[in-house]
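Subject: A structure for you to explore

Hello,

Here is the structure I promised you. Have a look at it first, and then read on for a tour of what was found.

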2 protein chains.
Amino acid sequence: MSTSADINDREEGLAFRPKFDASGLVTCVATDAATGDVLMVAHMNDEALRKTIESGEAWYFSRSRNALWRKGETSGHTQRVVDMRMDCDQDAVWIRVEQTGAACHTGRRSCFYRAVTNGEGGAQLSFVDADRMFDPAAIYRK
Amino acid sequence: MSTSADINDREEGLAFRPKFDASGLVTCVATDAATGDVLMVAHMNDEALRKTIESGEAWYFSRSRNALWRKGETSGHTQRVVDMRMDCDQDAVWIRVEQTGAACHTGRRSCFYRAVTNGEGGAQLSFVDADRMFDPAAIYRK
C-alpha cells in the first residue's frame with residue numbers, strides 16, 4: 001500500500017520514480033510536436049524509458065511480442081523526442097515527437113484514424129485522416 | 001486468440017468494438033482542444049464509454065476507487081468532448097476536450113506538469129506549467 005507521504009513524494013517530488021503496473025509497464029502517449037495530434041498510445045518498461053531518455057528516440061515495449069522495440073526499427077518511421085513529461089502519479093508519460101513518416105502500423109500517420117460518433121444504433125466509427133502513407137504489406141514482410 | 005480476419009475487422013472496420021483489457025477497461029487520452037496539450041490519461045469501461053458518447057461529457061472508470069466517475073462531478077472541472085477517436089486496435093480512445101478549469105486532481109491544468117530530462121545521475125524531473133489553478137485540499141474534502 002502507498003502511504004500519503006509516498007503519494008506526495010511521487011506527485012510533488014522531482015525524483016524520477018515511474019510507477020510500473022503488474023507487467024512492469026507505464027503508458028506512453030506520443031503526440032505530433034507540430035500539430036498536437038495524438039499519434040499513438042503504447043507502453044514502456046524500465047529499459048524502454050531509459051533508452052528513450054538517453055537516446056532522444058522513442059523506444060517501447062511490445063506486449064504482444066514481449067520485446068523491447070525501437071520505434072521505426074523495421075519501418076524507418078522513427079520518432080525523435082522533442083519533449084518528455086511525466087504525469088502526476090508517474091504511471092504515464094507523454095512524449096512530443098517529430099515523426100518520420102507514419103506512426104501507425106496500418107500505414108496511417110496516426111493510429112487514431114477513426115472518429116467515434118453517436119449513431120441511431122449506438123456508437124459508430126467513421127474514417128478521418130485515414131489515408132495510408134505506406135503499404136504495410138510491403139514494409140512488414142514475414 | 002484473435003484470427004487475422006478478426007484483427008482486420010477491428011482495424012479496418014467501422015463497427016465500434018472496443019478491446020477491453022482483463023479489467024474491462026480501455027485507455028483514454030484527453031487533450032486540450034485549444035492547445036493540443038495532453039491533459040490526462042485515464043481509463044474507461046463499457047459504461048463510461050457509452051455515457052461519454054451519449055452525453056458529450058467525459059466519464060471515466062477509477063481503478064483506485066473501482067467506480068464510474070463523471071469528470072468534474074466533485075470539482076466542477078468538467079470536460080466537454082469536441083472530438084472522439086478510436087485507435088487501430090480499439091484498445092485506446094483519444095478525446096479532444098474543452099476543459100473547465102484544471103484536469104489534474106493536484107490543481108494543475110494538466111497532469112503532465114513535470115518534464116523528464118537526462119541528468120548526470122540519470123533521469124530527473126523539473127516543473128513545467130505547474131502553477132495550481134485550485135487548492136485540492138479545499139475541493140476534495142473528506
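Let's begin with one pair of residues: in chain B, B:A115 sits opposite B:S126, which belongs to β8(B). Please keep in mind throughout that this is a predicted model.

**Strands in chain B, and across to chain A**

The pair you just met belongs to a longer run of pairing, as β7(B) and strand β8 (residues 122-127) of chain B are antiparallel partners with 6 bridges. These two strands make a hairpin, and 2 residues lie between them.

Which strand of chain A is joined to strand β7 (residues 114-119) of chain B? That strand is β5(A), which runs antiparallel to β7 of chain B and is linked to it by 2 bridges. If you want a place to zoom in, find A:M86, which has B:R114 of β7(B) opposite it.

Now look for the pairing between β7(A) and strand β5 (residues 79-86) of chain B: they are antiparallel too, with 2 bridges. Here A:A115 has B:R85, in β5(B), as its bridge partner.

While you are looking at strands, here is a general point that helps when reading any sheet: side chains in a regular strand alternate between its two faces.

**How the two chains meet**

The strands are one part of the meeting of the chains. In total, 48 residues of chain A contact 48 residues of chain B. The size of an interface is often expressed as the accessible area that is lost when the parts come together. For chain A and chain B the buried area is about 4000 Å², with 59% of it on carbon and sulfur atoms.

How many salt bridges does the rule find across this interface? There are 8 between chain A and chain B. One that you can look up yourself joins the side chains of A:R85 and B:D129, at 3.7 Å from N to O. The two chains also have 30 residue pairs in polar contact, with both residues at pLDDT 80 or more.

Several elements of chain A supply at least two residues each to the side that touches chain B, among them α1 (4-12), β1 (26-32), α2 (46-55) and β8 (122-127). By type, that side of chain A is made up of 23 nonpolar, 11 polar and 14 charged residues.

**Chain A as a whole**

Stepping back, chain A contains 3 helices and 8 strands. Starting at the N terminus, their order is α-β-β-α-β-β-β-β-β-β-α. The C-alpha trace of chain A spans about 50 × 40 × 30 Å along its principal axes.

**What the UniProt record adds**

An unreviewed UniProt entry gives residues 40-113 of chain A the annotation "domain: Phosphoribosyl-AMP cyclohydrolase". In the model, that span is 14% helix and 39% strand, and its end C-alpha atoms are 11 Å apart.

The unreviewed entry also places a "binding site" feature at A:C88, A:C104 and A:C111. These cover 24 residues of sequence and are spread in space as well, with up to 27.5 Å between C-alpha atoms. Another "binding site" annotation in the unreviewed entry covers A:D87, A:D89 and A:D91.

Where does A:C88 lie? Look in the loop between β5 and β6 of chain A. A:D89 is in the loop between β5 and β6, and A:D91 is placed there as well. Leaving aside residues up to four places away in sequence, A:D89 touches A:R10 and A:K19.

Enjoy exploring, and write back with any questions.

Best wishes

Key:
Residues numbered from 1 in each chain as written. Chains lettered and ligands numbered in written order. Predicted model: local features only at pLDDT ≥ 70, side-chain atom pairs only at ≥ 80, totals over all residues. Heavy atoms only, no water. Contact = heavy atoms within 4.5 Å. Buried area = accessible area lost by both parts, 1.4 Å probe. Salt bridge = Lys/Arg side-chain N within 4 Å of Asp/Glu carboxyl O. Polar contact = N/O pair within 3.5 Å; in protein donor to acceptor, adjacent residues only side chain to side chain. Helix = DSSP H or I, 4+ residues; strand = E, 2+ residues; numbered from the N terminus. Nonpolar A, V, L, I, M, F, W, Y, C, P; charged D, E, K, R; others polar. Pairing = 2+ DSSP bridges. UniProt positions renumbered as here; feature names shortened; annotations may be inferred.
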